[in-house]
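Q: Could you take a close look at how the helices pack in this one? I'd like a connected walk through that part, and then whatever else catches your eye around it.

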Amino acid sequence: MIDLGFTHIFEKGNPIKPVLLLLHGTGGNEQDLIGLAKDVAPDAGILSVRGKVLENGMPRFFKRLAEGVFDLEDLKLRTAELVQFITDAKAYYGLQDRALYALGYSNGANIASSVLFSAPQALDGAILLRGMVPFYPDPLPDLTGKAILLLSGAFDEIMSAEEAKILSGLFERAGADVTFVTQPAGHGLVQPDIEAMRTWLEDK
């Protein structure tokens, strides 16, 4: 399997269905979200990526200075790398005519948001699970036509529901079509998250 700059897994799925770009959380890998993706969108294509940054041996998509404090220079660099990967993967796998939605959890959700803010053309939208604001874009990009499902946890000890609400507001101000749901949950996913994803993806 060619790596295109990132270790990844590609499954074509139904060619008339979208492709899900799977972005794992800290300590995960390209296998982590495949079961979830097949549960919520059985016919979708899968492009699942492993983060290249290691934190105490655990893969991530960008460096952080402390819990919730991001290395913004590294985030900028890693976001550009991921955007290049998306561009190359679309060409290599012939995905130019298929919608591409990120499905990111935690650290993966954060880099997905960074991609949307930095290079809106790379994605048609995203499912952001337990995400927070990666950085404050100035000016805001034009995200008209982008569809975003943002699922936060009311009791999330890592990424507060309040910060997720701020992120939702940024996307809305940028013109995206945002569905924002706060679950009675912590940082881990719960069954209502899965049901919300399945419903949101039905018309994609």
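A: Let's start with a convention: a pair of helix axes counts as roughly perpendicular when the angle between them is 65 to 115 degrees. Keep in mind that this is a predicted model. Now take helix α2 (residues 72-93) and α3, whose axes come within 10 Å and cross at roughly 80°. That angle falls in the range just given, so α2 and α3 are roughly perpendicular to each other. On the α2 side, the residues that meet α3 are L75, R78, T79, L82, V83 and I86. Facing them from α3 are I111, S114, V115 and S118. Sorted by class, this contact has six nonpolar, three polar and one charged residues.

Next, stay on α3 and look at its other partner here. Helix α3 (residues 107-118) and helix α4 (residues 161-173) have axes that come within 12 Å, with a crossing of roughly 25°. Angles under 35 degrees count as roughly parallel, which makes α3 roughly parallel to α4. As for handedness, the α3 and α4 crossing is left-handed. The contact itself brings S113, L116 and F117 of α3 up against L167, L170 and F171 of α4. Its residues split into five nonpolar, one polar and no charged.

So much for helix against helix; two other helices turn up around the largest pocket. Both α1 (34-40) and α5 (191-201) give at least two residues each to the lining of that pocket. The space inside comes to about 170 Å³. If you want to find the pocket on screen, pick out K17 and P18, then the run D39, V40, A41, P42, D43 and A44, and finally R198, L201, E202 and K204. By class, the lining divides into six nonpolar, no polar and six charged residues.

While you have the model open, a couple of backbone details in the loops are worth a click. The peptide bond from D138 to P139 is cis, with omega near 5°. You'll find P139 in the loop that runs between β9 (125-129) and β10 (147-153). The other spot is N56, which isn't a glycine but still has a positive phi of about 55°. N56 sits in the loop between β4 (53-55) and β5 (58-60).

To pull the helix part together: α3 is roughly perpendicular to α2, and α3 is roughly parallel to α4.

Conventions: Residues numbered from 1 in each chain as written. Predicted model: local features only at pLDDT ≥ 70, side-chain atom pairs only at ≥ 80, totals over all residues. Heavy atoms only, no water. Axes fitted to C-alpha atoms, helices over the stretch in contact; angles between N-to-C directions. Helix = DSSP H or I, 4+ residues; strand = E, 2+ residues; numbered from the N terminus. Parallel < 35°, antiparallel > 145°, perpendicular 65-115°, else oblique. Left-handed = near helix turned anticlockwise from the far one by under 90°. Contact = heavy atoms within 4.5 Å. Nonpolar A, V, L, I, M, F, W, Y, C, P; charged D, E, K, R; others polar. 1 Å grid on protein atoms, 1.4 Å probe; cavity = no way out; pocket = protein on both sides within 12 Å on 5 of 7 lines; lining within 4 Å. Points joined across faces, edges and corners; volume = space filled by probe spheres on them.
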